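Visitor: I'd like a close look at just one part of this protein. Could you walk me through a small sheet and what surrounds it?

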Amino acid sequence: MAILQANLVRTGGSITLGGPVTTRNFDAGAGTSFTAGPITAKSVEVDAGGLATVNGAINAGFTGLRSSDIDITSTGSIVGEHARLTSLNSTATLVGDGLTGSGYALSDAELDRVRTTNGFEIVVDAARGAAPKMTIGTLNYAVAPAGTGG
């Protein structure tokens, strides 16, 4: 039986973590932006009302990032068993390169920084106000053959 299964409650403002964080489970709710350096945990759950910025490696069995936009910087990555990136953007969800417009934007380069052994999801959460549409642009994503662990 899970006792701590309540939804994340967002702060009134932003959350910025400059240094590395190591913990069993990492849960954070930011009313506006969320910015983090390296995080190592069994699971990472973030709910941000604005931009979620990943400046360091997130190493977790499961990583769930819900936000209105995402920025996985050149020094950032998401590594683990499974990841779920959820758009809460009411304008658009744009995945890949060569797209115009604004909204939740995940580029091909950012997507290359997501490395999981058991899959990942990109989700539009229309129930929480996201525009119920995802536009896919150019993607060059390397997929390892089954059983190779890549």
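**A close look at the three-stranded sheet**

Guide: Sure, and keep in mind that this is a predicted model. Let's start with strand β10, residues 93–95, which is joined to β14 by 3 bridges, the two strands running parallel. If you want a spot to zoom in on, find L94: facing it in β14 is T135.

Now step back to the whole sheet. It's an open one with 3 strands in the order β11-β10-β14, and the pairing is parallel. The edges are β11 (104–106) and β14 (134–136), each of which pairs on one side only. On average, neighbouring strands here are turned by 15° against each other, ignoring direction.

Next, follow the β14 edge. I136 sits in this strand, and its relative accessibility is 49%; buried means under 20% and exposed means over 50%, so I136 counts as partly exposed. I136 also belongs to a nonpolar surface patch with M134 and L139, and together they have about 230 Å² of accessible area.

Over at the other edge, β11 leads you to the largest nonpolar core, a set of 25 residues. Inside that core, the residues with the most contacts are F26, F34, I39, V44, L85 and L106. Strand β11 is one of those supplying at least two residues of the core, and others on that list include β3 (25–30), β4 (34–36), β7 (57–67) and β9 (77–87). The largest share comes from β5, with 5 residues.

So one edge strand, β14, carries the partly exposed I136, while the other, β11, supplies at least two residues of the largest nonpolar core.

Technical notes. Residues numbered from 1 in each chain as written. Predicted model: local features only at pLDDT ≥ 70, side-chain atom pairs only at ≥ 80, totals over all residues. Heavy atoms only, no water. Pairing = 2+ DSSP bridges. Helix = DSSP H or I, 4+ residues; strand = E, 2+ residues; numbered from the N terminus. Axes fitted to C-alpha atoms, helices over the stretch in contact; angles between N-to-C directions. Patch = residues over 30% accessible without salt bridge, like charges linked within 9 Å, V, L, I, M, F, W, Y side chains within 5 Å. Areas by Shrake-Rupley, 256 points an atom, 1.4 Å probe, with all protein chains shown as cover. Salt bridge = Lys/Arg side-chain N within 4 Å of Asp/Glu carboxyl O. Buried < 20%, exposed > 50% of the residue type's maximum accessible area, 1.4 Å probe, protein only. Core = buried A, V, L, I, M, F, W, Y, C linked by side-chain atoms within 4.5 Å.
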